[in-house]
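Hi,

Here is the structure I promised to pass on. Have a look, and my notes follow below.

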Amino acid sequence: MGRVRYSRKSSAHLTNPNPETKHLSDQPLPIVPFLKIPDSGSPYLEAQKCPSCGALSLRSRLACGKCGGRKPLEPQRLSDKGTLHAFSIIYRAFPGIDVPFVSAIADLDGGGTIKTNLIGIDADPEKIKLGMDVEVVYEIASRKDGEGNEYMAYFIKPA
Ligand SMILES: [Zn+2]
């Protein structure tokens, strides 16, 4: 029980049939709803797929943004491999945010487009190439929430 730091229900340890079951706050929390952290295995990104036209969306919606279909969207695990679609080097940001950093958009193999920071390469437009192979990586964010919970974020880096 030593690792249980925060419990949303104080009586959870009395009713939990398996005391080894981890509470949510023992794991890093996903920084966005479409970042999935399974109990075992690697984290991954999950889009919602329109069963009518195949369009992928990173947020749940009541109708497809492409075809307007209203059939329930189906979860689809996204690839961790892709190519760099666009990038912008950020030189000015909020106080406390280290600059420069590279904000980027990547097209993932098999479908899906994500926006995040490109890491693992100098923020130098001479070194960053559109279309370069990238991979999605998952790291604990440097900041915690008010309860001390850690957050897992996703980035892309050159593959
Ligand atoms: Zn659709």
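First, a definition: a nonpolar core here is a set of buried Ala, Val, Leu, Ile, Met, Phe, Trp, Tyr and Cys residues joined through C-beta atoms within 7 Å. A residue counts as buried if 20 or more other C-beta atoms lie within 10 Å of its own, as exposed if 12 or fewer do, and as partly exposed in between, with C-beta atoms placed from the backbone.

Two housekeeping points. This is a predicted model, so local features need pLDDT of at least 70 and side-chain atom pairs count only at pLDDT 80 or more, while totals for chains, interfaces and linings use all residues. Residues are numbered from 1 along each chain as its sequence is written.

Now the overall layout. The protein chain has 1 helix and 10 strands, where helices (H or I, at least four residues) and strands (E, at least two) are DSSP runs numbered from the N terminus. The helix leads, and the order is α-β-β-β-β-β-β-β-β-β-β. Of the 159 residues, 15% are buried.

On to the core. The largest nonpolar one has 18 residues, and Leu45, Leu84, Phe87, Ala104, Ala106, Leu118 and Ile156 have the most contacts inside it. Two or more residues each come from strands E3 (44–49), E6 (81–90), E7 (101–108), E8 (113–118), E9 (133–144) and E10 (150–158). E7 gives the most, with 4 residues. As background, nonpolar side chains tend to be buried together in soluble globular proteins.

If you count two residues as in contact when their C-beta atoms, placed from the backbone, lie within 7 Å, then Leu45 touches Phe34, Leu35, Leu78, Ile114, Val136 and Tyr154, ignoring residues up to four places away in sequence.

E10 is worth a look for its pairing (two strands pair if DSSP finds at least two bridges between them). E9 and E10 run antiparallel and are joined by 8 bridges; one of the pairs is Glu139 with Ala153 in E10. Their hairpin has 5 residues between the strands, and Gly148 there takes a positive phi near 90 degrees. E10 also pairs with strand E1 (residues 29–30), this time in the parallel sense, over 2 bridges, with Leu29 opposite Tyr151.

Last one: is Phe101, in strand E7, buried or exposed? Neither, because it has 16 other C-beta atoms within 10 Å, which makes it partly exposed. Beyond its neighbours within four places in sequence, Phe101 contacts Ile90, Asn117 and Ala123. Phe101 and Ile90 are 11 residues apart in sequence, with their C-alpha atoms 5.3 Å apart.

Cheers
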